[in-house]
Amino acid sequence: FVVPLLGHERGLSASVIGSILGAFAIAAAAIRILMPLVAARLREAAVVTWAMVATALLFAVYPLLPTAWALGLCSVLLGFALGSVQPMIMSMLHQITPHHRHGEALGLRLMAINASSVAMPVLFGSAGALIGVAG
């Protein structure tokens, strides 16, 4: 949701903003095609750790990028990082949980994702209400 806001602030057209969002989606899909090669060389924990560190760094610099090309490149890198996590998390869950508890582990994962989708806007909205317009 930040890309349209940043793009509008920088005077980018809707098609450029859409291209930046599309670059993220294409990168996230492309890395999943390459995941068998990555998984053959690296452990799941290493990929997840790398992806989370890279995501944090990219999110930190994203608002500071001045041009559409820089935003697009950062979106592609974010797509690679975030697209690599989901298959690795699923693999880790299957490896660390007993066979008869795979369904429970996947259910808890999905519940945590959906709970955060509800809780985060409420928490950030509450923080914004406390800070108010002056913030």
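1. Let's start with how α3 passes α4: in this predicted model, the crossing of the two helices is left-handed. Helix α3 covers residues 44-61 and helix α4 covers residues 68-96, and their axes come within 8 Å of each other, crossing at roughly 150 degrees. Angles over 145 degrees count as roughly antiparallel, and α3 and α4 are therefore roughly antiparallel to each other.

2. If you want to trace that contact on your screen, the α3 side includes Trp50, Met52, Leu58 and Phe59, and these belong to a set that meets α4 residues including Leu77, Leu78, Leu82, Met88 and Met92. Smaller side chains take part as well, among them Ala45, Ala51 and Ala54 in α3 and Ala81 and Ser84 in α4. Sorted by class, the residues of the α3 contact with α4 come to 19 nonpolar, 4 polar and 1 charged. Glu44 of α3 is among the residues taking part.

3. Helix α4 also has α2 as a partner. The axes of α2 and α4 come within 7 Å and cross at roughly 40 degrees, and here the crossing is right-handed. The contact of α2 with α4 has 19 nonpolar, 6 polar and 1 charged residues.

4. Next, please have a look at α1 and α2. Their axes lie 10 Å apart, and the helices pack at an angle of about 145 degrees. As α1 passes α2, the crossing is right-handed. On the α1 side you will find Val3, Pro4, Gly7 and His8, which meet Ile17, Ile20 and Leu21 of α2. This contact divides into 5 nonpolar and 2 polar residues, with no charged ones.

5. Finally, the pocket. The largest one has a volume of about 640 Å³. Its lining is made up of 16 residues, and the closest to the pocket centre are Phe1, Val2, Phe59, Leu78 and Leu82. Helices α1 (2-9), α2 (14-41), α3 and α4 each give two or more residues to the lining. By class, the lining has 14 nonpolar and 2 polar residues, and no charged ones.

6. One link between these points may be handy when you colour the model: Phe59, Leu78 and Leu82 are among the residues closest to the centre of the largest pocket, and Phe59 of α3 and Leu78 and Leu82 of α4 also belong to the contact between those helices.

Conventions:
Residues are numbered from 1 along each chain as its sequence is written. This is a predicted model: local features need pLDDT of at least 70, side-chain atom pairs count only at pLDDT 80 or more; totals for chains, interfaces and linings use all residues. Side-chain values use heavy atoms; hydrogens and water are left out. Axes are lines fitted to C-alpha atoms, for helices over the stretch in contact, and angles run from 0 to 180 degrees between N-to-C directions. Helices (H or I, at least four residues) and strands (E, at least two) are DSSP runs, numbered from the N terminus. Angles under 35 degrees count as roughly parallel, over 145 as roughly antiparallel, 65 to 115 as roughly perpendicular and the rest as oblique. A crossing is left-handed if the near helix is turned anticlockwise from the far one by less than a right angle, and right-handed if clockwise. Contact means heavy atoms within 4.5 Å. Ala, Val, Leu, Ile, Met, Phe, Trp, Tyr, Cys and Pro count as nonpolar, Asp, Glu, Lys and Arg as charged, and the others, Gly among them, as polar. On a 1 Å grid over the protein atoms alone, a cavity is a set of points where a 1.4 Å probe fits but cannot get out, and a pocket is an open set with protein on both sides within 12 Å along at least five of seven lines; lining residues have an atom within 4 Å of a point. Grid points are joined across faces, edges and corners, and a volume is the space filled by probe spheres set on the points.
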